[in-house]
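Thanks for making the time this morning. I would like to walk you through one model and a few of its local features, and I will try to be careful about where each statement comes from.

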Amino acid sequence: MNPYILATLLFGLGLGTTITFASSHWLLAWMGLEMNTLAIIPLMAQLHHPRAVEATTKYFLTQATAAAMLLFASTTNAWLTGQWGIQQMTHPVPITLITLALALKIGLAPVHSWLPEVLQGLDLTTGLILSTWQKLAPFALLLQIHPTNSTLLVMLGLASTLVGGWGGLNQTQLRKILAYSSIAHLGWMILILQFSPSLTLLALLTYIIMTSSAFLVFKLNKATNINALAISWTKTPALTSLTPLVLLSLGGLPPLTGFMPKWLILQELTKQDLATTATLAALTALLSLYFYLRLSYAMTLTMSPNNLPGTTPWRLPSTQLTLPLAISTMAALSLLPITPAVIAMLTP
């Protein structure tokens, strides 16, 4: 892609998110979301492969539906209350509609089915943008409207953690596994949104760090399915020994970074007398842990067959920058000791 066009599209992505962050009026927020969507569509379709074009079309239709729902709900709110402000949502009907529209935008269950299909059709770089940056603007709106329907949020959260764990069990494609991982992590964030928005932000930040690390590892290895992971030990032995730790961090195992948000979320849910919800969420995390362990096993404990296509990637040097990979990997592995500082910052 022409670097000037690429710079323009990335600027559009950043501007759309910034407009949504800075908006206090629903029309401005909607405009920022639309700019975001329109900026990423050429990036998704840049390969000119039928699968990429199909994924782009699915993404566009889904996002257009969510944006139409958002516009309809905000207009309904203005009709019912006379207010267009994001933080002046008082009527339960538009709040519920907007929550569902934003759930569709980020891919929460039960409106999640577009996300694995779209991510599977993209290259890993665009998939990384879709899994991380594109979540920021909808979450900013969710945090601002303070959804009052706790039952809806708990149901969305539990359904997402369950679907994210269950859907990833039988997958062999890494991008689909990362998509279901995204759905599960988003479920944890939504679960705690009403009780502690700062914990939602913490979970989102750690999710972005860990997912970036996983995507950059797979990009360096040019791996798109589980079998391709088995040849990575020949090419990057040091990275191959660290990657299972990144995957287990995504699964939420101590003493890795991914344990911190889950631990604090379960603690907060218990404080809110939602012990059953916390137990169910912890049980669904075991499903996700299974397929992270499966990836770790395939990467470190299996040997690839030495056929000709299997040995080709060993001879191809990577041109990828290693600094972002190093920073995100270290953050994904070693931020757990700062948990007391995080708790102190979160406590008002």
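**Loops, turns and one helix pair**

Let me begin in a loop, the one between α4 (92-106) and α5 (114-120), which is where P110 is found. Please keep in mind throughout that this is a predicted model. The peptide bond that leads from A109 into P110 is cis, with omega near 5°. There is a second case further along the chain, where a cis peptide bond joins P254 and P255, with omega about 5°, and P255 is found in the loop between α13 and α14 (259-271). I point these out because most peptide bonds are trans, and most residues other than glycine have a negative phi.

That brings me to phi, and to two residues that are not glycines. K222 has a positive phi of about 50°, and this residue lies in the loop between α10 and α11 (226-229). D273 likewise has a positive phi, of about 60°, and sits in the loop between α14 and α15 (275-300). How exposed is D273? With a relative accessible area of 71%, D273 counts as exposed, while K222, at 46%, is partly exposed.

Now to the helices, and to T211, which is found in α10, residues 197-221. Is T211 buried or exposed? Its relative accessible area is 3%, and T211 is therefore classed as buried, the cut-off being under 20%. A polar atom of the T211 side chain lies 2.8 Å from the backbone oxygen of Y207. Leaving aside residues up to four places away in sequence, T211 touches L128, S131, T132 and L250.

L250 takes us to the neighbouring element in this account, since α10 packs with α13, residues 237-251, at an angle of about 145°, with the axes 10 Å apart, and the crossing of α10 past α13 is left-handed. On the α10 side the contact is made by M210, T211, S213, A214, V217, F218 and L220, and on the α13 side by L239, T243, V246, L247, S249 and L250. Sorted by type, the residues of this contact comprise 9 nonpolar, 4 polar and no charged.

Finally, the annotation. An unreviewed UniProt entry gives residues 23-287 as "domain: NADH:quinone oxidoreductase/Mrp antiporter transmembrane". Over residues 23-287 the chain of the model is 77% helix and 0% strand, and the end C-alpha atoms are 38 Å apart.

Key
Residues are numbered from 1 along each chain as its sequence is written. This is a predicted model: local features need pLDDT of at least 70, side-chain atom pairs count only at pLDDT 80 or more; totals for chains, interfaces and linings use all residues. Side-chain values use heavy atoms; hydrogens and water are left out. Helices (H or I, at least four residues) and strands (E, at least two) are DSSP runs, numbered from the N terminus. Buried means under 20% relative accessible area, exposed over 50%, partly exposed in between (1.4 Å probe, protein chains only). A polar contact is a pair of N or O atoms within 3.5 Å; within protein, one must be able to donate a hydrogen and the other to accept it, and residues adjacent in sequence count only if both atoms are side-chain atoms. Contact means heavy atoms within 4.5 Å. Axes are lines fitted to C-alpha atoms, for helices over the stretch in contact, and angles run from 0 to 180 degrees between N-to-C directions. A crossing is left-handed if the near helix is turned anticlockwise from the far one by less than a right angle, and right-handed if clockwise. Ala, Val, Leu, Ile, Met, Phe, Trp, Tyr, Cys and Pro count as nonpolar, Asp, Glu, Lys and Arg as charged, and the others, Gly among them, as polar. UniProt positions are given in the numbering used here, feature names are shortened, and annotations may be inferred rather than shown by experiment.
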